[in-house]
Amino acid sequence: MSALLVAIGALLCIASGLFALLPGRGSIRATPFVIVAGSLTGLAGCAIGLTGGPSSLTLRWAIPGGELRISVDALSAFFAAPAFLMAGVGGVYAERYWPAGERRAAHVRVFFGILAGCLVTVLTAGNTILFLAAWEIVTIAAFFLVATEHEEAESRQAAWIYLAASHVAMLALFAVVALLHALTHTWAFVPLPAGAAALTAGKAIFALAIFGFGIKAGVMPFHVWLPGAHAAAPAHVSAMMSGVVIKMGIYGLVRVLSLFDALPFAFGTTLLILGIVSSILGVAFALAQHDLKRLLAYHSIENIGIIVCGLGIGVLAQAHGAPRVAFLGFAGALLHVWNHGLFKALLFLSAGSAIHASGTRAIDRMGGLARRMPWTALAFLTGAIAICGLPPLNGFVSEFLIYLGSFGSVAAPRADWTSLLILGVAPALALTGALALACFVKAFGAVFLGMPRSDEASLAHESPLAMRAAMAPLALACAAIGLAPTLVAPLLGRATAVAAPLLPPVELGAILAPVQAGAIAVALCCAIAFALVARLARSRSAAPTWDCGYATAVPRAQYTASSLAQSVTGVFAWAMPAVVHEPGKLPLFPRASTFESHVPDPVLDRALLPALRGAEWLAGFVRFLQSGRLQYYLMSIGLTLVVLLVWSAL
Amino acid sequence: MRALAQILLVVVASPFLLGVINRTKAIMAGRTGQPLLQAYYDIAKSLRKGSVISTTTTWIFLVGPAVAIVAPLLASLMLPLAGASAPLSFTGDIIVFVYLFALARFCTTAAALDTGSAFEGMGAARELTFAALAEPALFFGFLALARVSGGLSLSSFMTMDGRHWQSASAALVLVIASWFLVLLAENSRVPFDDPNTHLELTMIHEVMVLDHSGPAFGLILWGAAMKLFVYCALIAGVILPATGSILVDLPAFLGAILAIGVVIGLVESGMARLRLVRVPQLLVTASLIAGFAVVLVLR
């Protein structure tokens, strides 16, 4: 039943975009209705899949490697639910964000529908060939969406880097699938034979999976494509990519892990180190950004890092023989997949709304938008509190589970360096959380509070109803998971049991019950205290901001987002040296001068692009082969043939 | 009932701690000093006044003081101020404890930015930076105490029966030293910040609330006093062994909190504030000290 509903939902999503291609002005208006119908159908399927048993749908339609099979278990349904939610929400948002009359409106709708439908196909593929094929379509649809504004060099570059990185990952995944086939002799996802983890092939699967799925998920240092692509795409596509698409890397990793009967230490330690590095450096780079969408993109790296930390705790503790800790790690990672999907999509949609209104992505050119766009500000604030992992919203719940996992290993009788690594997650997560808080105070404060820093920002207007309506379900879901985590606990428990089939389930509801009570207490007390303060401050007079004697406060005198972040980024200067263009020594009567600084990406700008330029230079030496004349090509083919013939004859 | 008594204790007693610190500083400087109850007078005066609210601000401006008073109140419910366990105690309450103060930090710094004042922005930047560096130290300390006490809640950390001083004294000394630095940083005391300074460019916490006035400012003062009290109580609970008898524990506990107040006063009398660029180094040191404690208990 659930597989059927999910398949219908996916087909409706794919079909929604095709309405935009039909002739006639009315047909494109059907798009949001079709995609919302698909989204609701799919969500119903996911709900059945999460509460009931596994189900599958086999179509008599041969694809290479077997039949076309959609299978929904708790894990697939768990990952597919945010995808369906985002599809519907994004479809509604796009209706006003990229209205039907605008240029490339059909382009955006067609590829968004295909992206959503094929995402779900990846997550529910019952066979590895379908898994890879659907993923390839996802990549291509996402490529076209990132390149929507392809007049701009920035968008083109981001799209090409995304395509190249995705295909490097795809190569690794081809190898993973081939190795799985070699071990199981089937193209279906079936458990590997006992002891597979110890074989060379098993180890190769682990290494290639970390590399391939790591690129797809945007784990540092494989994140090169992520910031550019997220920044260039339309807001609802960024929300989809950050909220759902990168999670498929996590899904792939978890799915492959669940096939092994034992998990090696080395795999867990690698995951933990990658997770800690991604989370701390991801947020540090986010702090250094001046572009609102790039800032959010680096936060995706941070949150993927937190998820990978959870998985790392799970794998390492399982290898250690601490099943409770392992279960908490896996459960925290999976819940964070949901949570990050919700609050990051909310943040991207509200940021898109602010960008739409103020006409710039530069944080330091916005400001004061909360007065003009109160609903957008409230949505962004909700997302910001959630992403910082603060109670009473959802981010806190998943981080709480990962913290418990980390603390849980403190009682381990064997205190070797692997358990030290698990323990290290707690302080690392604390540092990450505090830096994320700094970053979102910076973003929220500079964009929505204070005075407008540019004329466009001072003329901003609240977004249309459709865009605000799209943010509402995401904000409500953030609040619901935060205030009532015990309702989610059984679903999470089922998904975790599929992800880690060897672990005895832990009763998550009992662990989360006090968190729920605490969250409700925090929400209530804050509301009461706010009402009290507002009442106490009734007898008030208005005056301009006190600026220590200056007659009038001017917008340019406000503390900028860059200055706010600089005191933190200074601490991380060892990891991310900034490129600064500053005026040298000023003459006695200084003229107008400018100051500019930015932090280049360490992997892409400092390592990968120089290396690729070197490779291009080397390739220049054999460029004479590429003459463009047909005779030469025929001759070289002929010569190669002769050489091969001679070689085989010898 | 106990929860109510506990909240009342924190609400009523916390400004007195400020009086103790100030009196210590006055005695060290050879002054008579302000009355012991000065903080109460200040809060009462602010609460009676009307407020001046900047035309730039939004509702966020008043969320700051509201959450700044809620966070220490709820956090105090997790402290076993006298007795075996706190009114609100569960596995992992330490995480809620830290994140409550983080929520307050989010709201107070956002309220500071709401005014559009450059000085308040500066204060917010410093507050955010130093708190981010102080947080790992707290968690390293939690890890060490979790190992020593075998539990994962503030109640288990703060009601150990004294044997822990024999088995893990070195680690405990390190944790307490590290947390004392965190206390000074989180509550804007010397050497991280000088609560008596009147130069906006150098302040941290005080400069963030330049624009708050009247009742909102009074609540901020009160919230800050409660936060200091809660942090002192945290350290006092780790130092003192619990006997189980409230007649012994409660006076000892309150005495220890006042003693920590005296120590803060002595530190403030004895040294000047650090240059701002030195502050991160001291906070990283605090994390390293607590990290050593973890290594010691795990060996």
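Reader: Is A:R104 buried or exposed, or does it fall in between?

Author: A residue is called buried if 20 or more other C-beta atoms, placed from the backbone, lie within 10 Å of its own, exposed if 12 or fewer do, and partly exposed in between. A:R104 has 14 C-beta neighbours inside 10 Å and therefore counts as partly exposed. This is a predicted model, in which local features need pLDDT of at least 70 and side-chain atom pairs count only at pLDDT 80 or more, while totals for chains, interfaces and linings use all residues. Residues are numbered from 1 along each chain as its sequence is written, and chains are lettered from A and ligands numbered from 1 in the order in which they are written.

Reader: Where does A:R104 lie, and what is the value of its phi?

Author: Helices (H or I, at least four residues) and strands (E, at least two) are DSSP runs, numbered from the N terminus. A:R104 lies in the loop between α3 (74-97) and α4 (105-124) of chain A, and its phi is near 60°, a positive value in a residue other than glycine. In chain B, S188 likewise is not a glycine and has a positive phi of about 55°; B:S188 belongs to the loop between α8 and α9 of chain B, and it counts as buried because 23 C-beta neighbours lie inside 10 Å.

Reader: Which peptide bond leading to B:P191 is cis, and where does B:P191 lie?

Author: The bond from B:V190 to B:P191 is cis, with omega near 10°, and B:P191 sits in the loop between α8 (169-186) and α9 (205-208) of chain B. In chain A, the bond from A:M220 to A:P221 is cis, with omega near 10°, and A:P221 is placed in the loop between α7 (200-217) and α8 (226-232).

Reader: How are two packed helices described?

Author: They are described by the angle between their axes and the distance between the axes. Axes here are lines fitted to C-alpha atoms, for helices over the stretch in contact, and angles run from 0 to 180 degrees between N-to-C directions. The axes of α1 (residues 2-29) and α2 (residues 38-48) of chain B come within 7 Å and cross at roughly 130°. That crossing makes α1(B) oblique to α2(B), since angles under 35 degrees count as roughly parallel, over 145 as roughly antiparallel, 65 to 115 as roughly perpendicular and the rest as oblique.

Reader: Which residues of α1(B) and α2(B) meet?

Author: Two residues are in contact if their C-beta atoms, placed from the backbone, lie within 7 Å. From α1(B) come B:P15, B:L18, B:G19 and B:N22, which meet B:Q38, B:A39, B:Y40 and B:I43 of α2(B).

Reader: How many residues does each chain bring to the contact between chain A and chain B?

Author: Chain A brings 63 residues and chain B brings 64 residues. On the side of chain A that touches chain B, α17(A) gives the most, with 14 residues.

Reader: Where in α17 of chain A could I look at a single residue, such as A:L429?

Author: A:L429 is found in helix α17 of chain A and, with 27 C-beta neighbours inside 10 Å, counts as buried. Leaving out residues up to four places away in sequence, A:L429 touches A:I306, A:C309, A:E399, A:I402 and A:Y403. A:P323 is 106 residues from A:L429 in sequence and 22 Å from it in space, C-alpha to C-alpha.
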